[in-house]
Amino acid sequence: MAEAVLRVARRQLSQRGGSGAPILLRQMFEPVSCTFTYLLGDRESREAVLIDPVLETAPRDAQLIKELGLRLLYAVNTHCHADHITGSGLLRSLLPGCQSVISRLSGAQADLHIEDGDSIRFGRFRLSLAVLLRLVSNSRPQATLLPRPPKVLGLQALETRASPGHTPGCVTFVLNDHSMAFTGDALLIRGCGRTDFQQGCAKTLYHSVHEKIFTLPGDCLIYPAHDYHGFTVSTVEEERTLNPRLTLSCEEFVKIMGNLNLPKPQQIDFAVPANMRCGVQTPTA
Ligand SMILES: N[C@@H](CCC(=O)N[C@@H](CCS)C(=O)NCC(=O)O)C(=O)O
Ligand SMILES: [Fe+2]
């Protein structure tokens with residue numbers, strides 16, 4: 001009980017960075033691939049991070065970032081997408097200073113490769129991956145290299161948690177106060193990413209979700225990369241108790257995932273090769 005009260009108090013401090021200004025969060029939608037793109041910003045320093053931008057809506061996102069007076073540091077991908085071309089390459093051109101980011105295990109090109117345990121800092125905030133946390137710069141100075149996220153009151157961050165299974169390089173980004181998680185295609189609302197291509201593995205996905213996401217606080221908000229049913233957000237508690245696939249045993253889950261019989265994504269044949277090169281780098285028109 002005391003621990004729960006402390007956690008809430010810490011989170012309130014954290015979300016306000018100790019100085020009164022809450023984190024800025026915008027959820028945008030791309031209707032062809034049903035992809036969500038998330039903009040996270042620090043209202044004081046104006047530094048921002050964009051998660052899972054899409055090529056076609058990158059100009060929209062760049063415009064919003066300019067209108068809000070933000071400076072985009074990173075265009076981050078939760079994985080090498082199969083259903084759309086990432087906007088992270090184009091955003092580097094549209095917003096000079098922005099660096100593209102993807103996990104090293106994805107095998108894809110980017111300015112920065114992250115691993116489980118790495119943190120991405122923007123303003124007073126940090127994004128960390130939940131499984132592989134180390135920021136390694138390919139081509140630029142490693143100014144953003146951070147040690148494992150420190151437990152500091154009044155600071156926010158995104159942690160990187162490796163959550164493989166949909167693809168081997170999938171990661172989940174968790175705000176350092178554990179109030180929100182950006183799960184990519186590992187965990188969808190009442191669903192999960194398919195495991196029948198891109199070296200997917202149902203057993204691996206099951207363990208990723210249970211060990212890296214379901215261990216977060218029940219009221220942690222779940223923001224997925226896609227939704228096909230009109231939902232926008234869930235919570236860890238909701239998915240832990242109501243997700244029709246992930247409430248099953250691992251054995252039952254593997255069986256169901258092996259029999260989804262979904263048509264392949266329409267853009268897969270050109271999206272995957274393009275995303276391995278970090279998408280399209282310059283405006284096409
Ligand atoms: N119809 C869409 C593709 C839909 C799809 O396959 N979505 C993937 C996530 C993107 S790689 C998925 O994992 N779906 C799981 C599910 O249960 O639907 C298109 O043609 O783009
Ligand atoms: Fe995907």
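**Entry: Thr35**

I started at Thr35, which sits in strand S2. This is a predicted model, so I'm reading computed values throughout. Is Thr35 buried or exposed? Thr35 is buried, with 0% relative accessible area. I then looked for polar partners of its side chain. One is the side chain of His84, at 3.4 Å. Another is the side chain of His226, at 3.3 Å. I noted His226 for later, as it is also listed among the residues around ligand 1.

**Entry: past the end of S2**

Next I followed the chain out of S2, which spans 35-41, into the loop that leads to strand S3 (47-51). Asp42 is in that loop. I expected to check its exposure and did: Asp42 comes out at 1% relative accessibility, so I count Asp42 as buried, the cut-off being under 20%. Which side chain does Asp42 touch through a polar contact? Ser45 is a partner, side chain to side chain, at 2.8 Å.

In S3 I stopped at Ala48. Ala48 has 0% relative accessibility and counts as buried. I also took a C-alpha to C-alpha distance from Ala48 to Arg190: 29 Å in space, with their positions 142 residues apart in sequence.

**Entry: the iron ion (ligand 2)**

Which residues does the protein offer as donors to the iron ion? I found His79 through NE2, His166 through NE2 and Asp185 through OD, at 2.1 to 2.3 Å from the ion. In sequence, I wrote the spacing down as H-x86-H-x18-D. His79 is in the loop between strand S4 (71-76) and helix H3 (88-94), while His166 is in the loop between strands S10 (157-162) and S11 (171-175); the pair therefore ties together parts that lie 87 residues apart in sequence.

I checked the geometry too. The site has four donor atoms, and the angles among them run from 87 to 165 degrees. Four donors count as tetrahedral if all angles lie between 85 and 135 degrees. The site is classed as irregular.

Then I looked at how covered the two histidines are. His79 is buried at 1% relative accessibility, and His166 is buried as well, at 4%.

**Entry: ligand 1**

I listed the surroundings of ligand 1 next. Two of the iron donors, His166 and Asp185, turn up there. The rest of my list reads Asp83, Cys192, Gly193, Arg194, His226, Tyr228, Arg245, Leu262, Pro265 and Gln266.

Three side chains went into my notes for polar atoms facing the ligand:

- Arg194 has a side-chain N or O atom 2.6 Å from an oxygen of ligand 1.
- Tyr228 has a polar side-chain atom 2.7 Å from a nitrogen of ligand 1.
- Arg245 has a polar side-chain atom 2.9 Å from an oxygen of ligand 1.

How much of ligand 1 does the protein cover? I got 82% of the 530 Å² of accessible area that ligand 1 has on its own.

From Arg245 I checked one more distance, to Thr204, and got 14 Å C-alpha to C-alpha, the two being 41 residues apart in sequence. Thr204 belongs to helix H4 (residues 202-213). At 32% relative accessibility, Thr204 is partly exposed.

**Entry: helix H7**

Last, I went through H7, residues 268-276, and found Ile268, Ala271, Ala274 and Asn275 buried. Why do I say they line one face? Looking down the axis of H7, I see the buried residues fall within an arc of 140 degrees, so they line one face of the helix. After H7 comes Cys278, with a positive phi near 70 degrees.

Note on methods: Residues are numbered from 1 along each chain as its sequence is written. Chains are lettered from A and ligands numbered from 1 in the order in which they are written. This is a predicted model: local features need pLDDT of at least 70, side-chain atom pairs count only at pLDDT 80 or more; totals for chains, interfaces and linings use all residues. Side-chain values use heavy atoms; hydrogens and water are left out. Donors are N, O and S atoms within 2.8 Å of the metal (3.2 Å for Na, K and Ca); water is not among the atoms, so sites may look incomplete. Four donors count as tetrahedral if all angles lie between 85 and 135 degrees; four count as square planar and six as octahedral if opposite donors are over 155 degrees apart and all others between 65 and 115; anything else is irregular. Helices (H or I, at least four residues) and strands (E, at least two) are DSSP runs, numbered from the N terminus. Buried means under 20% relative accessible area, exposed over 50%, partly exposed in between (1.4 Å probe, protein chains only). The arc is that of the directions from the helix axis to the C-beta atoms. A residue is near a molecule or strand if one of its heavy atoms lies within 4 Å of it. A polar contact is a pair of N or O atoms within 3.5 Å; within protein, one must be able to donate a hydrogen and the other to accept it, and residues adjacent in sequence count only if both atoms are side-chain atoms. Accessible areas come from the Shrake-Rupley method with a 1.4 Å probe; for residues, only the protein chains shown count as cover.
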